[in-house]
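Take a walk through this fold, strand by strand. Start with how the strands pair, then turn to one residue in a loop.

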Amino acid sequence: MSEIKLTAERRTEFGKGAARKLRRAHQIPAVIYGHGTEPVHVALPGHATMLALKTANALLSVELEGKSTLVLAKDVQRDPIKPVIEHIDLVVVRRGEKVNVEVPVHVEGEAAPETLVTLDLQVLELAVEATHIPERVVVSVEGLQAGTQILAGSVELPEGAALVTDPEALVVNVTAQVSAEALEEELAEAEAEVGIEHEEPAAEAAPEEAAEPSEG
């Protein structure tokens, strides 16, 4: 994964008011820390940073006052309603060192006919070199039969990566596809077990009795 360069400015004002002022100027407040260094409070360019963080585990090269620092986003605080990043914690990394990151799992291929493929684990935690973080881990289900389970320990990892996730964790589960009729039967059985009864549709009302002939 290539480095994404961002130019930062040092922050000297703090608090909610200062943060709002930064966001109005299309900047994002952040703090850089790690490797025994004092935390450095910075402001990052809003649009460029949001684009960079669309990539999982993006490796950022932050330039501040003529000095570049390699960092990873450790914590990204987002507004619960607006598409706005409120604050970012950035941890310093060094070339050649290993870091633990969560890498997305991507399923490819077609399993056997009449099967259902379920991705039970969306990410795998890996120990990888900070400058060689894979964008994703690929798991192939090509031709797999119902009943096949792929555990974390059997997933092929990118070169240089070590698994941190429990190797017995279920990643992909291939099961037999259930027909609509079977689903209805299972639902009916489940409802019967808990005592749910459905009323029979009301019968059509009987035709009114013929009027008796009037006496005459």
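Two strands pair if DSSP finds at least two bridges between them. Keep in mind that this is a predicted model.

Begin with strand 4, residues 37–45. Strand 2, residues 9–10, runs antiparallel to strand 4, and 2 bridges join them. Here arginine 10 has valine 42 of strand 4 as its bridge partner. Strand 3, residues 27–34, also pairs with strand 4. Their sense is antiparallel, and the pairing spans 7 bridges. One of the partners is leucine 44 in strand 4, which is matched with isoleucine 28. Strands 3 and 4 form a hairpin, with 2 residues between them. In that turn, histidine 35 has a positive phi of about 55°.

Now move along the chain to strand 10, residues 123–129. Strand 8, residues 98–108, pairs with strand 10 in the antiparallel sense over 7 bridges. Valine 101 stands opposite leucine 126 of strand 10. Strand 10 is also joined by 2 bridges to strand 13, residues 162–163, and these two run antiparallel. Alanine 127 has alanine 162 in strand 13 as its bridge partner.

Past strand 13 comes a loop that leads to strand 14, residues 170–176, and threonine 165 lies in this loop. Is threonine 165 buried or exposed? It counts as buried, because its relative accessibility is 16% and buried means under 20%. What does its side chain reach? The side chain of threonine 165 comes to 2.7 Å from the backbone nitrogen of glutamate 125. Threonine 165 also touches residues including Leu121, Leu124 and Ala152.

Notes. Residues are numbered from 1 along each chain as its sequence is written. This is a predicted model: local features need pLDDT of at least 70, side-chain atom pairs count only at pLDDT 80 or more; totals for chains, interfaces and linings use all residues. Side-chain values use heavy atoms; hydrogens and water are left out. Helices (H or I, at least four residues) and strands (E, at least two) are DSSP runs, numbered from the N terminus. Buried means under 20% relative accessible area, exposed over 50%, partly exposed in between (1.4 Å probe, protein chains only). A polar contact is a pair of N or O atoms within 3.5 Å; within protein, one must be able to donate a hydrogen and the other to accept it, and residues adjacent in sequence count only if both atoms are side-chain atoms. Contact means heavy atoms within 4.5 Å. Lists of a residue's contacts leave out its neighbours within four places in sequence.
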